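Before the assignments in a model are trusted, it helps to ask what each one rests on. The questions below take them one at a time.

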Number of protein chains: 2
Amino acid sequence: MTQKDDFDLREFLPYLLNQAAEISSQSFQRTYKGRYGMLRTEWRVLFHLAIYERMTAKDICEKAIMHKTKVSRAVQRLEQRRYLQRKPDEKDRRHEWLTLTSQGRAVYEDLRAHAQQHDQVLMQKLSTEEITVLRRALNALSQP
Amino acid sequence: MTQKDDFDLREFLPYLLNQAAEISSQSFQRTYKGRYGMLRTEWRVLFHLAIYERMTAKDICEKAIMHKTKVSRAVQRLEQRRYLQRKPDEKDRRHEWLTLTSQGRAVYEDLRAHAQQHDQVLMQKLSTEEITVLRRALNALSQP
DNA sequence: TGGTAATAGTTGAAAATGTAACTAACAACC
DNA sequence: GGTTGTTAGTTACATTTTCAACTATTACCA
């Protein structure tokens, strides 16, 4: 198993990004899955609603870059657990406004604290300067 | 839909990483999916075999940080398409050595060229210095 | 006004993934 | 040498995701 090719996978950005994303998500995944049986799609929707307060499913799709069926099903499950409420728009009844319940906000607060802790741990692997550049670069790469 | 919280999702590394990984993978995905109907797990296995020439499934699991069932299924499909061959180890018949066929290598060469092009496009979004730091940081974060 | 197109969101079936249990081969220890 | 433990890899089943088709509502425009 010796390397032959001049092409190095560890230079290929989509591969590297995926690897880093996968590994750095694992510990946080254990938290939201272990404590609330939540899926990745669900914490993402929960966090978006906590941060933006009031969104439609469409808004979430755009912000979180998730497909509408993923969002739809995440919303269903969060509603079943009474973490959010739906309210149809008066003017245009195709839209539904989503907001967190107080229970949903409580779950968010708990998970957010954990998220920040996980982030601290991750950042210990990097220098301050690396963190700054990394964030900037990731934001640049996130623009489609 | 105005931001409320002091916690910014766009600072949370697992989220940012995932977003960047997702978006920057999309164009390459269209390539391997469109041209060869391959899945993410499959191009990863293919690339590993092309680069390291001769590996067992276990080796791939470790290098690519993929679960053994994912590798097992990717290997099956690559074998069906005659992109790789299996050969049991003489000394220890629990191990199977995997190598690409010439057809598999041809597919790899084609995909590699595309991968490099995609990488070029991605890198245009970043400065040389950002690229260096980004690669270093991603490698650091990829250590579990 | 009526008919067509567009939009928000849901649903069902197929594909992919995750989890745990399984087989087969070897190792180690008594 | 036989029992027990490990390891490489596969399989079965449950859970998620994807894709396409669907409903319901509004917009557009002749």
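**Reasons behind the labels**

Q: Which helices of the two chains each supply at least two residues of the surface near DNA strand C?
A: In this predicted model, helix 3 (57–64) and helix 4 (68–80) of chain A do so, together with helix 4 (68–80) of chain B. Helix 4 of chain A provides the largest share of that surface, 5 residues.

Q: Which residues come nearest to DNA strand C, and how many residues are around the strand?
A: A residue is placed near the strand if one of its heavy atoms lies within 4 Å of it. There are 23 residues around DNA strand C, and A:K58, A:S72, A:R86, B:K70 and B:R73 come nearest. By class, this surface has 14 charged, 7 polar and 2 nonpolar residues. Of the strand's atoms within 4 Å of the protein, 58% belong to sugar or phosphate, while the rest belong to bases.

Q: What makes the approach of A:K58 to a phosphate oxygen of DNA strand C a polar contact?
A: The cut-off for a pair of N or O atoms is 3.5 Å. A polar backbone atom of A:K58 is 2.6 Å from a phosphate oxygen of DNA strand C, so the pair falls within that cut-off. A polar backbone atom of B:R93 is 3.0 Å from a phosphate oxygen of this strand, and a polar side-chain atom of A:R94 lies 3.3 Å from a base oxygen.

Q: Which residues are closest to DNA strand D, and how many surround the strand?
A: DNA strand D is surrounded by 22 residues, the closest being A:K70, A:R73, B:K58, B:S72 and B:R86. Of the atoms of DNA strand D that come within 4 Å of the protein, sugar and phosphate account for 67%. The residues of the surface near this strand divide into 14 charged, 6 polar and 2 nonpolar.

Q: How do you know that A:R77 makes a polar contact with DNA strand D?
A: A polar side-chain atom of A:R77 lies 3.4 Å from a phosphate oxygen of the strand, and because the limit is 3.5 Å, the pair qualifies. A backbone N or O atom of A:R93 lies 3.1 Å from a phosphate oxygen of DNA strand D, and for B:K58 the corresponding distance from a backbone N or O atom is 2.6 Å. Two or more residues of the surface near DNA strand D come from helix 4 of chain A, and likewise from helix 3 (57–64) and helix 4 of chain B. Helix 4 of chain B gives the most, with 5 residues.

Q: How do you know that the span of helix 5 of chain A agrees with what its residues should give?
A: The 22 residues of this helix (residues 102–123) should span 32 Å at 1.5 Å a residue, and the end C-alpha atoms are 31 Å apart, which agrees.

Q: What puts the buried residues on the same side of helix 5 of chain A?
A: The buried residues are A:G104, A:V107, A:Y108, A:L111, A:R112, A:A115, A:H118, A:D119, A:L122 and A:M123. They cover an arc of only 140 degrees around the axis, which places them on the same side of the helix. An α-helix has 3.6 residues a turn, so residues three or four places apart point the same way. On the other side, A:S102, A:Q117 and A:V121 are exposed. The cover over the buried residues includes helix 1 (13–36) and helix 6 (128–141) of chain B, as well as helix 1 (13–36), helix 2 (40–52), strand 2 (96–100) and helix 6 (128–141) of chain A.

Q: Why is B:T56 called buried?
A: Its relative accessibility is 5%, and because buried means under 20%, B:T56 meets the condition. B:T56 has its place in the loop between helix 2 (40–52) and helix 3 of chain B. Leaving aside neighbours within four places in sequence, B:T56 is in contact with B:H95, B:E96, B:W97 and B:L98.

Q: Why is A:R82 called exposed?
A: The relative accessible area of A:R82 is 56%, and since exposed means over 50%, the label follows. A:R82 is found in the loop between helix 4 and strand 1 (84–88) of chain A.

Terms used
Residues numbered from 1 in each chain as written. Chains lettered and ligands numbered in written order. Predicted model: local features only at pLDDT ≥ 70, side-chain atom pairs only at ≥ 80, totals over all residues. Heavy atoms only, no water. Polar contact = N/O pair within 3.5 Å; in protein donor to acceptor, adjacent residues only side chain to side chain. Helix = DSSP H or I, 4+ residues; strand = E, 2+ residues; numbered from the N terminus. Nonpolar A, V, L, I, M, F, W, Y, C, P; charged D, E, K, R; others polar. Expected span 1.5 Å × (residues − 1). Buried < 20%, exposed > 50% of the residue type's maximum accessible area, 1.4 Å probe, protein only. Arc of directions from axis to C-beta. Contact = heavy atoms within 4.5 Å.
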